[in-house]
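Here's a quick tour for anyone about to load this one into a viewer. Take a look at the structure first, then read on.

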There are 2 protein chains.
Amino acid sequence: MQASLISRRYPAAMAQQAHVRQRRRGEELEAALLEAAWQELVEVGFARLTMESVAARAKTGVAVLYRRWPNKNDLVLAAIRYYGETRPVEIPDTGSLRGDMIALLGNATNARIGFVTIIGAAFSGLLADTDLTPGQVREQILADRPLWTDQIFARAHERGEIDLERIPPVILTMPFDLMRHDMLMTYQSIPAERVLAIVDELFMPLVAAHRPK
Amino acid sequence: MQASLISRRYPAAMAQQAHVRQRRRGEELEAALLEAAWQELVEVGFARLTMESVAARAKTGVAVLYRRWPNKNDLVLAAIRYYGETRPVEIPDTGSLRGDMIALLGNATNARIGFVTIIGAAFSGLLADTDLTPGQVREQILADRPLWTDQIFARAHERGEIDLERIPPVILTMPFDLMRHDMLMTYQSIPAERVLAIVDELFMPLVAAHRPK
DNA sequence: CCAATAAGAGATGAATCCTTCTCTTACGAG
DNA sequence: CTCGTAAGAGAAGGATTCATCTCTTATTGG
């Protein structure tokens, strides 16, 4: 009797299986929603992302989205923030400034996709409401963590490869500015030769010109 | 008799005024349409530009647009091409490479607005159909005319300031790549100090390192 | 002066999408 | 076991906008 009652309510239990939760809740669900929104943003872009496409990707309904974010803009901004928080960039340590720069610039594929996606959203009208520039969004995402590059330059400074007191800041940001430029203009990952050209024909010569005496 | 007949058909002629055309036609109208589309693109962006907003700005109806371009994408692409053809950039000639570079980078406000507008349109879904990258659109617009920069560098070569045979191309494009990067990230015109830093702390030192012997 | 053409104005159909709402049901706290 | 909460599914309202179509009338070539 008891068994039949249970079996009617939880048929799976009768088959000796652990109870499989069918519904996600709380943080698990929220993470899935933001992940789905981010993936949509990457694949189809802000303009073609719809609440229903996000819900479908997350295998849920739009009501679940509206219970958490009042509108599409806020959902997308939350997804961008989520992306920034869950995808830390690992910083290379090759022992030389040149090696670190090549590694950092060459491995930027993930950063590239994220960056282009965010800029795309920015230009697609997302930020027309909020009055933020793409640069400001980027700053927000990078806000708390220390900049990738600071560690690399600090180590180079300790090794005596550069003198952070005297080298002009434009030189230090230039390689990354150029990378961002290339990402936006080509949508592609940056060819290795381009990375080498930036490092060996632009960056290192300028660093050498300011070498600590 | 003759006079009264004419006066009935062309009342203005009687008042000694030239006949004022009320309707634009042909090229005059088409130019007005493309100009209106471009202005809309600049002011509200691709996402919020509608056929009706363009028609209203041009003081006409949407049918006039659809008689010329089959859809919104084609209209916008035509407007971008029109902008490229009707806004030639004047190339400075200050007598020195450094002066030319500062003038060119500093006066790029018009180019800036156009550039950001086009990239914005590109990211807003315009090019999702055509599979063009922002860089390719830029190339198309610049296609026929010689690059701004070629003239400046050719003159510098003749003056003996640079050796075009030996200087790496990355150096020559770098200042402009950085300008484009800044435009996209800040939406603003580039501060004079930034221009000076790019020229005096990045470009000129690298040029000097490759000075013809 | 006439007739063909296209401008000007705007109504309309169709599609898309944001947002709200309803209803059923799984989940988890007590 | 019971009950409140929120998930899941999807319908529906409302707004926007692309694209088509109709109708009147100015313009121009012949």
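Which residues are closest to DNA strand D, and how many surround it?

## What you're looking at

This is a predicted model, where local features need pLDDT of at least 70, side-chain atom pairs count only at pLDDT 80 or more, and totals for chains, interfaces and linings use all residues. Residues are numbered from 1 along each chain as its sequence is written, while chains are lettered from A and ligands numbered from 1 in the order in which they are written.

## Around DNA strand D

Back to that question: 25 residues surround DNA strand D, and the closest are Gly61(A), Gln22(B), Thr50(B), Ala63(B) and Asn71(B). Here "near" means a C-beta atom, placed from the backbone, within 6 Å of the strand.

Both chains pitch in: H5 (62-66) of chain A, plus H4 (51-57) and H5 (62-66) of chain B, each supply at least two residues of this surface. Helices are DSSP runs (H or I, at least four residues), numbered from the N terminus. By type, the surface has 11 charged, nine nonpolar and five polar residues. For that split, Ala, Val, Leu, Ile, Met, Phe, Trp, Tyr, Cys and Pro count as nonpolar, Asp, Glu, Lys and Arg as charged, and the others, Gly among them, as polar.

## How the two chains pair up

Chain B lands on chain A after a rotation of 180° with 0.0 Å of shift along the axis, at an RMSD of 0.1 Å (least squares on C-alpha atoms of residues with pLDDT of at least 70 in both copies). The two copies are thus related as by a two-fold rotation axis. Within chain B, the C-alpha of Ser124(B) comes closest to that axis, at 2.2 Å.

The contact (C-beta atoms, placed from the backbone, within 7 Å) takes 31 residues from chain B and 31 residues from chain A. On the chain B side, H11(B) gives the largest share, 10 residues. That side divides into 19 nonpolar, eight polar and four charged residues. Since 100% of the interface residues of chain B are also interface residues in chain A, the copies meet through the same surface.

## Zooming in on Phe123(A)

Phe123(A) sits in helix H8 (residues 109-130) of chain A. Leaving aside residues up to four places away in sequence, Phe123(A) touches Ile119(B), Gly120(B), Phe123(B) and Ser124(B).

Is Phe123(A) buried or exposed? Phe123(A) is buried, because 29 other C-beta atoms lie within 10 Å (20 or more makes a residue buried, 12 or fewer exposed, and in between partly exposed, with C-beta atoms placed from the backbone).

Notes. Two residues are in contact if their C-beta atoms, placed from the backbone, lie within 7 Å.
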